Amino acid sequence: MDINNLLSGFLGAVIALILAEGWRLGLMAWERKKKREIFVAYIKNVIKPGLQAYIKDTLALKTDIQTYPNHDTIYNHHKFNMLPSLNADIFKELGFNELYFLTKDFDLHEKVIDIYHCIDYLKATMPYESHQNFIDQCDAHFKEKGCKTVDDLIAHAKDCVTINDIKLVADGNLNLRLDSAKSSLLSCETIMERI
Ligand SMILES: [Zn+2]
């Protein structure tokens with residue numbers, strides 16, 4: 001084999017390598033582009049409506065708690081959205097490293113991680129669970145005080161410090177979740193605008 005053959009063989013190998021690398025990078029860029037589109041659609045169609053429903057339910061629950069107990073809040077429960085769509089599985093599936101490449105921006109990446117943790121936090125206590133916890137605590141107190149009828153407990157709750165405290169704590173907890181949900185909703189808007 002003369003030097004020319006050797007050289008062309010070597011060049012051929014180098015060109016093949018460059019092409020293979022170019023193909024790999026192109027494929028990766030194409031995949032990222034696709035993944036980015038799916039991620040933005042997920043934020044828009046799953047996360048955002050999920051957060052909006054959570055906020056709506058929490059606001060309704062706050063009103064229920066403030067006016068509890070009366071015949072409406074006892075008999076006519078707000079119908080809570082079970083929010084099956086509020087989940088951050090796609091974040092886990094993509095992984096935080098890949099999400100960094102998808103967002104292409106340190107600040108946006110941080111917002112994505114915040115949304116992920118916020119959803120975990122919100123899901124730990126859904127509005128219908130907050131509602132049930134509140135009712136259980138009030139019921140336990142009414143029982144302790146010997147209230148038997150709805151009118152008994154409405155009359156008792158009028159000047160009851162314990163029921164007022166239960167309301168204050170429940171409202172405070174709901175405010176914390178509301179703040180988180182609202183801030184994540186803003187982050188969703190920013191991501192959809194800038195990604
Ligand atoms: Zn009492």
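What radius of gyration does the chain have, and what would a compact globule of 195 residues have? A compact globule of that length would come near 16 Å, whereas this chain has 28 Å. Along its principal axes the C-alpha trace spans about 105 × 30 × 25 Å, and I would ask you to keep those three numbers in mind while we look at the helices.

Before going further, I should say that this is a predicted model. The mean pLDDT of the chain is 90, and 96% of the residues reach 70 or more. Confidence does vary along the chain, being lowest in helix H2, residues 71-75, with a mean of 75, and highest in H8, with a mean of 96.

As for secondary structure, the chain comes to eight helices and zero strands. Helix H1 covers residues 3-66, and within that stretch there is an annotation to mention: an unreviewed UniProt entry places a transmembrane region at residues 6-27. In the model, residues 6-27 are 100% helix and 0% strand, with the end C-alpha atoms 31 Å apart.

Let me turn to how the helices come together. Among contacts between residues at least 6 apart in sequence, 81% join residues that are at least 24 apart, and 23% of the 195 residues count as buried.

The largest nonpolar core has 14 residues, and those with the most contacts inside it are Leu51, Tyr54, Ile115, Ile119, Leu122 and Cys188. Helices H1, H5 (106-124) and H8 (161-194) each supply at least two residues of this core, and H5 gives the most, with five. If we take Leu122 and leave aside its neighbours within four places in sequence, we find it in contact with Tyr54, Leu86, Arg177, Ser180 and Ala181. Apart from this core lies another, of 13 residues, among them Ile65, Phe142, Leu153 and Ile163.

Finally, I would like to spend a moment on H8, which has 34 residues and reaches 49 Å from its first C-alpha to its last, close to the 50 Å expected at 1.5 Å a residue. Which residues of H8 are buried? They are Ile163, Ile166, Lys167, Ala170, Leu174, Arg177, Ala181, Ser184, Ser187, Cys188 and Ile191. An α-helix has 3.6 residues a turn, so residues three or four places apart point the same way. What covers the buried residues of H8 includes H1, H5, helix H6 (127-144) and helix H7 (150-157).

Notes:
Residues are numbered from 1 along each chain as its sequence is written. This is a predicted model: local features need pLDDT of at least 70, side-chain atom pairs count only at pLDDT 80 or more; totals for chains, interfaces and linings use all residues. UniProt positions are given in the numbering used here, feature names are shortened, and annotations may be inferred rather than shown by experiment. Helices (H or I, at least four residues) and strands (E, at least two) are DSSP runs, numbered from the N terminus. A nonpolar core is a set of buried Ala, Val, Leu, Ile, Met, Phe, Trp, Tyr and Cys residues joined through C-beta atoms within 7 Å. A residue is buried if 20 or more other C-beta atoms lie within 10 Å of its own, exposed if 12 or fewer, and partly exposed in between; C-beta atoms are placed from the backbone. Two residues are in contact if their C-beta atoms, placed from the backbone, lie within 7 Å. The radius of gyration is taken over C-alpha atoms; the globule rule is 2.2 Å times the number of residues to the power 0.38. pLDDT is the predictor's confidence in each residue, from 0 to 100. The expected span of a helix is 1.5 Å times one less than its number of residues.
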